[in-house]
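Please open the model in a viewer and keep a selection tool at hand. The stops below proceed from the salt bridges to other side-chain contacts and then to the chain as a whole.

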Amino acid sequence: MAQHSAVLDGVFEALADPTRRAVVRRLGRGPASVGDLAKDAPMTLPSFMKHVRVLESNGLIRTAKSGRVRTCELNRERFALVEDWLAEQRSIWTGRTDRLEQFVTEQFVTEEDQ
């Protein structure tokens, strides 16, 4: 469980940066070269490559080099980890709000009966 948590922490840390989220958003439309991804970023290519490495090291993207071109693509399986965590949280909070609703409704009915 601790290892699973560390992986999830890394994914959320990687997604915390707006530049990296923009890369993920763009790669959602399909693979792209680092050069294409970097041209929209307001930074130098070496700085942009640090963002690519963070995404890759946390398993959110894969890169492959062919000649001088490095192509990036999403690792969609990694996003399942986030989906699972969010579904778990949604379930917990739905249960809590359902119990709160039941409590409030019961209190309201009890007060009306008095």
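The model is a predicted one. Begin with the charged side chains: a search of the whole structure returns 2 salt bridges.

**First stop: residues 36 and 39**

Select lysine 39 and aspartate 36, which form one of the salt bridges; the closest N and O atoms lie 3.9 Å apart. A pair counts as a salt bridge when a side-chain nitrogen of Lys or Arg lies within 4 Å of a carboxyl oxygen of Asp or Glu. Colour both residues by accessibility. Lysine 39 has 61% relative accessibility and therefore counts as exposed, while aspartate 36, at 40%, is partly exposed.

**Second stop: residues 62 and 77**

Next, select glutamate 77 together with arginine 62. Here the salt bridge has its closest N and O atoms 2.8 Å apart. This pair links distant parts of the chain, 15 residues apart: glutamate 77 belongs to helix α5, and arginine 62 to strand β2 (residues 61–66). Is glutamate 77 buried or exposed? With a relative accessible area of 55%, glutamate 77 is exposed. Arginine 62 has a relative accessibility of 38% and counts as partly exposed.

**Third stop: asparagine 75**

Keep arginine 62 displayed and add asparagine 75, which is located in the loop between β3 (69–74) and α5. Its relative accessible area is 13%, so asparagine 75 is buried; the cut-off for that class is under 20%. Which residues are in contact with asparagine 75, leaving aside its neighbours within four places in sequence? They are Gly59, Leu60, Ile61 and Arg62. Arg62 thus appears at two stops: as a contact of asparagine 75 and as the salt-bridge partner of glutamate 77.

**Fourth stop: residues 12 and 85**

Move now to the aromatic rings. The structure holds 1 aromatic pair. Its members are phenylalanine 12 and tryptophan 85, whose ring centres are 5.3 Å apart; the planes meet at 70 degrees, so the arrangement is edge-to-face. The angle qualifies because planes over 60 degrees apart count as edge-to-face. The pair also links distant parts of the chain, since phenylalanine 12 is in helix α1 (residues 2–15) and tryptophan 85 is in helix α5 (residues 76–113), 73 residues apart. Phenylalanine 12 is partly exposed at 32% relative accessibility, and tryptophan 85 is partly exposed at 31%.

**Fifth stop: the nonpolar patch**

With both rings still selected, add leucine 86, which is placed in helix α5. Phe12, Trp85 and Leu86 make up a nonpolar patch on the surface, and their accessible area together is about 240 Å². Leucine 86 counts as partly exposed, with a relative accessibility of 38%.

**Last stop: the whole chain**

Finally, clear the selection and switch to a cartoon view. How many helices and strands does the protein chain have? There are 5 helices and 3 strands, and from the N terminus on, their order is α-α-β-α-α-β-β-α. The protein chain has 114 residues, of which 30% count as buried. Among its contacts with a separation of 6 or more, 52% are made by residues 24 or more positions apart. A surface representation completes the view: the accessible surface of the protein chain is about 8100 Å², and 53% of it belongs to carbon and sulfur atoms.

How values were computed:
Residues are numbered from 1 along each chain as its sequence is written. This is a predicted model: local features need pLDDT of at least 70, side-chain atom pairs count only at pLDDT 80 or more; totals for chains, interfaces and linings use all residues. Side-chain values use heavy atoms; hydrogens and water are left out. Rings of Phe, Tyr and Trp (its six-membered ring) pair if their centres lie within 6.5 Å; planes under 30 degrees apart count as stacked, over 60 as edge-to-face and the rest as tilted. Helices (H or I, at least four residues) and strands (E, at least two) are DSSP runs, numbered from the N terminus. Buried means under 20% relative accessible area, exposed over 50%, partly exposed in between (1.4 Å probe, protein chains only). Patches are made of residues with over 30% relative accessible area and no salt bridge: like charges are joined within 9 Å, nonpolar side chains (Val, Leu, Ile, Met, Phe, Trp, Tyr) within 5 Å. Accessible areas come from the Shrake-Rupley method with a 1.4 Å probe; for residues, only the protein chains shown count as cover. Contact means heavy atoms within 4.5 Å.
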